[in-house]
Amino acid sequence: RLSGHIFCEYEFTQDGRLRYALNAMDPQRMEADVVNRQECYVSPDVIEDLRKIIEDSDVLKGDDRHWPAPDRSGRQELEVVCGMQHIAFATSKLGSLS
């Protein structure tokens, strides 16, 4: 299990492009960050289903003001852009809560 920095990002674009990036560092091995990037295209049906999931979940109406604030143990972020709507959430690392 990694106890260092982990960055994971998924990006879907209107033209069906899916970009994935994972950057992880294991401080025990003191190795440089290694970034794994992948890209592919998905069908318009996948993009439409993803848009429907986002809209049906009401995540764009969400609010993180009652979530634990990021602290020295780290932070986790979620950013969602759907059409002209944009929202970003931040909280402490999941696993760091008592």
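**Exercise 1. Find the bridge partner of E11 in β2.**

Solution. The residue of β2 that bridges to E11 is R19. Residues are counted from 1 along each chain in the order its sequence is written, and side-chain values rest on heavy atoms, without hydrogens and water. The model is predicted: local features need pLDDT of at least 70, side-chain atom pairs count only at pLDDT 80 or more, and totals for chains, interfaces and linings use all residues.

Next, place this bridge among the others. β1 and β2 run antiparallel and are joined by seven bridges; two strands count as paired if DSSP finds at least two bridges between them. Last, look at the turn. The hairpin of β1 and β2 has four residues between the strands, and G16 there takes a positive phi near 95°.

**Exercise 2. Write down the order of the elements from the N terminus on.**

Solution. Start with the totals: one helix and five strands. Helices (H or I, at least four residues) and strands (E, at least two) are DSSP runs, numbered from the N terminus. The order is β-β-β-α-β-β. For burial, 19% of the 98 residues count as buried, where buried means under 20% relative accessible area, exposed over 50%, and partly exposed in between (1.4 Å probe, protein chains only).

**Exercise 3. Classify the aromatic pairs by their ring planes.**

Solution. Rings of Phe, Tyr and Trp (its six-membered ring) pair if their centres lie within 6.5 Å; planes under 30 degrees apart are stacked, over 60 edge-to-face, and the rest tilted. This rule gives two aromatic pairs.

Step 1: Y10 and Y20. Their ring centres are 5.1 Å apart and their planes stand at 50°, so this pair is tilted. Since Y10 belongs to strand β1 and Y20 to strand β2 (residues 17-24), the pair ties together parts 10 residues apart in sequence. Y10 is exposed, at 55% relative accessible area.

Step 2: W67 and F89. This pair is stacked, with 5.1 Å centre to centre and 25° between the planes. W67 sits in the loop between α1 and β4 and F89 in strand β5 (residues 85-92), so the pair ties together parts 22 residues apart in sequence. W67 is partly exposed, with a relative accessible area of 40%, whereas F89 is buried at 5%.

**Exercise 4. Describe the lining of the largest pocket.**

Solution. First, the term. On a 1 Å grid over the protein atoms alone, a pocket is an open set of points where a 1.4 Å probe fits, with protein on both sides within 12 Å along at least five of seven lines; lining residues have an atom within 4 Å of a point.

Then the lining itself. It holds 26 residues, and C8, E9, Y10, E77 and E79 lie nearest the centre of the pocket. Two or more lining residues come from each of β1 (6-12), α1 (44-57) and β4 (75-82). The largest share, eight residues, is from β4. By type, the lining has 12 nonpolar, seven polar and seven charged residues. Here Ala, Val, Leu, Ile, Met, Phe, Trp, Tyr, Cys and Pro are nonpolar, Asp, Glu, Lys and Arg charged, and the others, Gly among them, polar.

**Exercise 5. Locate G83 and give its C-alpha distance to R51.**

Solution. G83 is in the loop between β4 and β5. Its relative accessible area of 60% makes G83 exposed. The C-alpha atoms of G83 and R51 are 9.0 Å apart, with their positions 32 residues apart along the chain.
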